[in-house]
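The exercises below are meant to be worked with the sequence and the model side by side. Try each task before reading its solution.

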Amino acid sequence: MKYEINKGHPRYKEAMHMINIMCRALGTKKGDLLSANRTRHLVDYRRICYVLLTQKLQMPLLHVAGYFEKDHATVRHGILQHDDFYQFDKDYKTQFDYVKRIVDKNEYVEQDVYDVINSLLLRVEILEAKLKKVSYGRQLPYRAVSAGS
């Protein structure tokens with residue numbers, strides 16, 4: 001059974017960002033990675049993506065499969081093969097470690113940034129309210145400059 005990706009889901013942007021980073025790190029086009037082409041290097045690249053998407057985003061196999069238009073069994077098979085390839089194939093291990101390092105450095109932070117900005121804005125509002133309470137009925141030591149001055 002193929003899973004259809006919900007492009008409105010918050011994890012969609014995060015997963016696509018990660019897939020784009022992996023494509024750049026692997027030196028391949030996203031179209032090639034997502035294709036049905038079964039050349040060895042593309043199969044290895046997909047396997048790396050399967051593993052990192054499930055590890056980093058805790059994404060279910062069915063969802064990972066949806067990004068690659070595969071079924072969950074294909075993704076599961078790739079992930080199960082990963083340990084053997086990682087242990088016995090030096091080139092695969094080198095590639096996986098390289099891509100993992102790049103993905104680790106390029107964590108998707110958009111939501112974190114929004115959370116920080118929102119908490120700072122809330123803090124500013126709280127401080128402004130406290131300032132109004134303290135200065136109520138008194139002349140402030142500074143003169144506020146209006147935009148028209």
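**Exercise 1. Cysteines**

How many disulfides does the structure hold?

*Solution.* The model is a predicted one, and the structure holds 0 disulfides. To see this for the individual cysteines, begin with C23, which is in no disulfide, the nearest cysteine sulfur being that of C49 at 6.1 Å. The cut-off for a disulfide is a pair of cysteine sulfur atoms within 2.5 Å, so the separation of 6.1 Å between the sulfurs of C23 and C49 does not qualify. Seen from the other side, C49 is likewise in no disulfide, and its nearest cysteine sulfur is that of C23. As a last step, consider the surroundings of each: C23 has a relative accessible area of 5% and is buried, and C49, with a relative accessible area of 0%, is buried as well.

**Exercise 2. Overall architecture**

Determine how many helices and strands the protein has, and describe how its contacts are spread along the sequence.

*Solution.* Counting the elements gives 7 helices and 0 strands, and reading along the sequence gives the pattern α-α-α-α-α-α-α. Next, take the accessibility of the chain as a whole: of the 149 residues, 29% count as buried. Finally, among contacts between residues at least 6 apart in sequence, 62% join residues at least 24 apart.

**Exercise 3. Helix 1 and the loop after it**

Compare the expected span of helix 1 with the distance between its end C-alpha atoms, then follow the chain into the loop.

*Solution.* At 1.5 Å a residue, the 17 residues of helix 1 should span 24 Å, and the end C-alpha atoms are 25 Å apart, which agrees. The buried residues of this helix include Y12, M16, I19 and C23, and the buried residues of helix 1 pack against helix 2, helix 3, helix 4 and helix 6. Just after helix 1 comes G27, which takes a positive phi of about 70 degrees and is found in the loop between helix 1 and helix 2.

Is G27 buried or exposed? At 67% relative accessibility, G27 counts as exposed. T28, which has its place in the loop between helix 1 and helix 2, counts as buried at 15% relative accessibility. Leaving aside neighbours within four places in sequence, T28 is in contact with C23, L33, L42 and Y45. For G27, the C-alpha to C-alpha distance to Y45, 18 residues apart in sequence, is 9.9 Å.

**Exercise 4. Helix 3 and two of its charged residues**

Establish how far helix 3 is enclosed, and find what R47 and D44 touch.

*Solution.* Start with the geometry: the 18 residues of helix 3 (residues 40-57) should span 26 Å at 1.5 Å a residue, and the end C-alpha atoms are 25 Å apart, which agrees. Turning to burial, 13 of the 18 residues of helix 3 are buried, so this helix is largely enclosed by the rest of the structure. Helix 3 is followed by Q58, whose phi is positive, near 50 degrees.

R47 lies in helix 3 and is buried, with a relative accessible area of 3%. Not counting residues up to four places away in sequence, R47 touches G78, Q81, H82, F85 and Y92. The C-alpha atoms of R47 and G78 are separated by 5.2 Å, although these residues are 31 apart along the chain. D44, also found in helix 3, counts as buried at 7% relative accessibility, and D44 touches F85 and Y92 when residues up to four places away in sequence are not counted.

**Exercise 5. Packing of helix 5 and helix 6**

Which residues make the contact between helix 5 and helix 6, and at what angle do these helices pack?

*Solution.* Two packed helices are described by the angle between their axes and the distance between the axes. Helix 5 (residues 72-88) and helix 6 (residues 90-105) pack at about 110 degrees, with their axes 6 Å apart. Angles of 65 to 115 degrees count as roughly perpendicular, and helix 5 and helix 6 are therefore roughly perpendicular to each other. The contact is made by H82, F85, Y86 and F88 of helix 5 together with K90, Y92, K93, F96 and D97 of helix 6. Sorted by character, the residues of this contact divide into 5 nonpolar, 1 polar and 3 charged.

How values were computed
Residues numbered from 1 in each chain as written. Predicted model: local features only at pLDDT ≥ 70, side-chain atom pairs only at ≥ 80, totals over all residues. Heavy atoms only, no water. Axes fitted to C-alpha atoms, helices over the stretch in contact; angles between N-to-C directions. Helix = DSSP H or I, 4+ residues; strand = E, 2+ residues; numbered from the N terminus. Parallel < 35°, antiparallel > 145°, perpendicular 65-115°, else oblique. Contact = heavy atoms within 4.5 Å. Nonpolar A, V, L, I, M, F, W, Y, C, P; charged D, E, K, R; others polar. Expected span 1.5 Å × (residues − 1). Buried < 20%, exposed > 50% of the residue type's maximum accessible area, 1.4 Å probe, protein only.
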